[in-house]
Amino acid sequence: DYPRWPSLARESILNVPMDLRSIKLSIDGKVIDYSEEIDSVVITGMGGSGVVGDIINDLCWFWDCRVPIIVSKNMRLPKRLSRPLVIAISYSGNTAETIMSANEALSRGYPVIGVTTGGKLSTVLTNKGAPVVLIPKASAPRYGLPALLYPTLIILERFGVASVINELESGISGIEDALKRVDDAINLAKQLVNSVPVVWVTESRRGVGIRFKNDLNENAKYYSVVSVVPEGAHNDIAAVTTKQGGLKHVAIMGPNDYEGMYEEVLIDVLSSFGAKPIIVKLEGKTPLETEMYGVTYLGMVTLALAELLGVEPVSTEPIDRLKNLLS
Ligand code: PA5
């Protein structure tokens, strides 16, 4: 699916309904008016769908996002919300946690928008009159990432949360640049064989780190840990002095933005205690370009690793079993 990512991004945004802000519903006597001002955005979803929230959270470290973004990967929503917009993202539309959250949001009188290929989420929301963005299919949820992310960005634009339109094409350039780096991705994958990757990432690239870990888990069936700095530099970093077998440090470093100096210092310290971190330098002129470059390139690394290990990347049987039991 990776070569399809640019077209998946472009196609999927065409499916965002034009009239989102004029929708008005009445559920259990409560009127839900989509034209009203919101004071937060909750992005709820799991795994390859939920990571959209993490990515948008990263982008809001750079963009002037008007309201806080709350990432909720759970079957319920936080209690303290006042006037949120809830975006429920589930590629399949059949993930129990996301459906429960969407239902809870509607019963609490919040505007909800679904982003999905269909499934029960689409049925539940449509039956109640709530809008659904139907997105094109991929081989598995995580391989449809741009089709989940790009419509969500358009929703943020429509609700005045962030100005995204001028950056969308740069995100696609990030994908295209990463797609040219197949040989580098294979080389990095080779360095990860027989290890537990410890992924170091700064707070504003947390989404890239989480996505890399999730892709290692799901594509290569490989354990991995993410350490987010600066916080990780106040706890995880102490463990670098122990010669615990099998760990391999991977440091994801942004372009020369405000966290660059922190990253340099971190590498110095890790190296001085004998760790030899593999450095992955993210490229991109805009926050979205950098983010898309990172998730695409590191995703390719995990597919290359799956191939080296002789692992089938698409299926995730334990996840499927759990989802079936919950549905
Ligand atoms: O990428 C995957 O296959 C998983 O992480 C799924 O995204 C996760 O299980 C949630 O499913 P869905 O995206 O269909 O809601």
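1. Strands are here DSSP runs of E of at least two residues, numbered from the N terminus. On that basis Asp 28 lies in the loop between strand S1 (24-27) and strand S2 (30-33), and, in this predicted model, Asp 28 has a positive phi of about 50° although it is not a glycine. Most residues other than glycine have a negative phi, so the backbone at this loop deserves a look when the structure is read.

2. A second backbone point concerns the peptide bond from Val 229 to Pro 230, which is cis, with omega near 10°. Pro 230 is placed in the loop that runs between strand S9 (225-229) and strand S10 (247-253). Most peptide bonds are trans.

3. Turning to the ligand, 13 residues surround it, and the closest of them are Ser 49, Ser 90, Ser 92, Thr 95 and Arg 142. Sorted by class, this shell is made up of 4 nonpolar, 6 polar and 3 charged residues.

4. Which helices each supply at least two residues of the shell around the ligand? They are helix H2 (47-59) and helix H11 (317-326), and H2 gives the most to the shell, with 3 residues.

5. Three side chains can be named for their polar contacts with oxygen atoms of the ligand. For Ser 92, a polar side-chain atom lies 2.6 Å from an oxygen atom of the ligand, and for Thr 95 a polar side-chain atom likewise lies 2.6 Å from a ligand oxygen atom. In the case of Arg 142, an N or O atom of the side chain is 2.8 Å from an oxygen atom of the ligand. Taken alone the ligand exposes 380 Å², and the protein buries 95% of that area. The space that the ligand takes is the largest pocket.

6. How many disulfides does a search of the whole structure find? The search finds 1 disulfide, and this link joins Cys 60 to Cys 65, with an S to S distance of 2.1 Å. The link of Cys 60 and Cys 65 is left-handed, with -75° about the S-S bond.

Technical notes. Residues numbered from 1 in each chain as written. Predicted model: local features only at pLDDT ≥ 70, side-chain atom pairs only at ≥ 80, totals over all residues. Heavy atoms only, no water. Near = heavy atom within 4 Å. Polar contact = N/O pair within 3.5 Å; in protein donor to acceptor, adjacent residues only side chain to side chain. Areas by Shrake-Rupley, 256 points an atom, 1.4 Å probe, with all protein chains shown as cover. 1 Å grid on protein atoms, 1.4 Å probe; cavity = no way out; pocket = protein on both sides within 12 Å on 5 of 7 lines; lining within 4 Å. Sits in = over half its atoms within 2 Å of the grid points. Helix = DSSP H or I, 4+ residues; strand = E, 2+ residues; numbered from the N terminus. Nonpolar A, V, L, I, M, F, W, Y, C, P; charged D, E, K, R; others polar. Disulfide = S-S within 2.5 Å.
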